[in-house]
Amino acid sequence: MPYDPSPQSLRGLMETYWGPHGWRTPSRLPDTPAVQRAISAGVMFEEPWTTNHDDLVERARRAAAVISLDEAGDAFLASLTSRRLDLRSALGSYAVARLLPSHAFEELPGSGMCLTCGLRPGEQTVDVNILSFERFKWGGVRRDDIGYVAFDLEQFARAPRLTPTGADIDISRRLIEVLRNSDRKATSTSILPELRMVPGNKDERGTLLEILGVCGIVETPDHRGYAQSYVPAGQRAQRPVDTAYPACWWTSEHGVNTDNLALFLPQTAQ
Ligand SMILES: [Zn+2]
C-alpha cells in the first residue's frame, strides 16, 4: 500500500526526531495524535526490524532487482523542484544495491564488520523510524549502510511517484554544468553554495552530492562510485572529509563522469 508523504502525515515523524535545537532522541515513540497519524499514513512504524546480515543483504538485493534504472533516475529528477527527498534517496540506494553481490559475512580484519558490505554479524535491531526520518528530511544520511539501503528501496516500492518536469531537467543540467566546470578548486563541501539552483538547504544539497557520488557521477580515478562494480567496505573505510564515499574524495578538478551520468541520468546527459 502506498504511503502518504504529505506534510500533515509527516509531522509526527518530524516532531519525534527534530526540534528547534536539532536532534531529539526519544527512548520510545511519543503517544500523540500526530504520531498515530504518521503510522496510519505508512511513514512511521510500530516495531523496529529484527534482522541480521544475510537478511539485510538479501532484502537490499531483492528490492533493487525490481527497480529499473529509468525509474530511479526519474525519481531523482522529480525530487529537484518538488523536494520529495524520499524520491531523491532511492537513486543512491539503488546505485549501491544494484551490483551488491550475495555473500556470507567475512570480517574485515580487526573491524568487526563485513569486508564486503560493512554490516555487523549476528542478529540486530534496525530502528526504521529514524531511517524514515532521515529519508524524508535529507534524502538519507547513511548512504552505503545496507540496512538503510534495504529500508529505502522497500519504501520506494510504496512511494507515490512523480514524473520529472522540464524544470527538473533544467535544474539537473545546470547542476551538472557547475560540477563539470567550476573554475575554482572546490571540494564536495565547499562547492555546495554554488548548487543553489537546487531548491532546499545546504544539508539537502550535501546529500544530493553524496547520491551523485555513489552513482559514480562525481568520483575520482582512485575512488570510484558503484556504477561499474560494487565497492567493498574495506575500500571505502578511509574518508578525508565527513562526506559519504566517494564524494568525500572528489574535487572540482575531477569534474563529472559522463558515462555514469548517461547511465543514471540520461535526460541530463543529452
Ligand atoms: Zn556483508
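## Where two helices meet

Let's start with a meeting point: L77, A78, L80 and T81 of helix α4 touch A167, D168, I169, I171 and S172 of helix α8. Sorted by class, this contact between α4 and α8 brings together 6 nonpolar residues, 2 polar ones and 1 charged one. Keep in mind as you look around that this is a predicted model.

How are the two helices set against each other? Two packed helices are described by the angle between their axes and the distance between the axes. Here α4, which covers residues 69-82, packs against α8 at an angle of about 95°, and the axes are 8 Å apart. That angle makes α4 roughly perpendicular to α8.

## Salt bridges inside a helix

Now for the charged side chains. The count of salt bridges comes to 15, and a few of them are worth a visit.

Stay with α8 for a moment, which spans residues 166-181. In this helix, the side chains of E177 and R180 meet in a salt bridge, with 4.0 Å from N to O. The two residues sit 3 residues apart, about one turn of the helix. E177 is partly exposed, at a relative accessible area of 40%, and R180 is partly exposed too, at 32%.

Helix α3 has a pair of its own: E58 forms a salt bridge with R61, and their closest N and O atoms are 3.5 Å apart. Why are these two about one helical turn from each other? Because E58 and R61 are 3 residues apart in α3, which runs over residues 53-65. E58 counts as partly exposed, with a relative accessibility of 29%, and R61 also counts as partly exposed, with 30%.

## A bridge between loops

Next, a pair that joins two loops. R236 forms a salt bridge with D144, the closest N and O atoms being 3.4 Å apart. R236 lies in the loop between α9 (202-214) and α10 (258-264), while D144 lies in the loop between α6 (128-138) and α7 (146-156), so this pair ties together parts that are 92 residues apart in sequence.

Are the two partners buried or partly exposed? R236 counts as buried, at 8% relative accessibility, whereas D144 counts as partly exposed, at 22%. The cut-off for buried is under 20%, so D144 falls outside that class.

## A linked trio

One last stop: D55, R59 and E154 are linked in a network of salt bridges.

Terms used: Residues are numbered from 1 along each chain as its sequence is written. This is a predicted model: local features need pLDDT of at least 70, side-chain atom pairs count only at pLDDT 80 or more; totals for chains, interfaces and linings use all residues. Side-chain values use heavy atoms; hydrogens and water are left out. Helices (H or I, at least four residues) and strands (E, at least two) are DSSP runs, numbered from the N terminus. Buried means under 20% relative accessible area, exposed over 50%, partly exposed in between (1.4 Å probe, protein chains only). Axes are lines fitted to C-alpha atoms, for helices over the stretch in contact, and angles run from 0 to 180 degrees between N-to-C directions. Angles under 35 degrees count as roughly parallel, over 145 as roughly antiparallel, 65 to 115 as roughly perpendicular and the rest as oblique. Contact means heavy atoms within 4.5 Å. Ala, Val, Leu, Ile, Met, Phe, Trp, Tyr, Cys and Pro count as nonpolar, Asp, Glu, Lys and Arg as charged, and the others, Gly among them, as polar.
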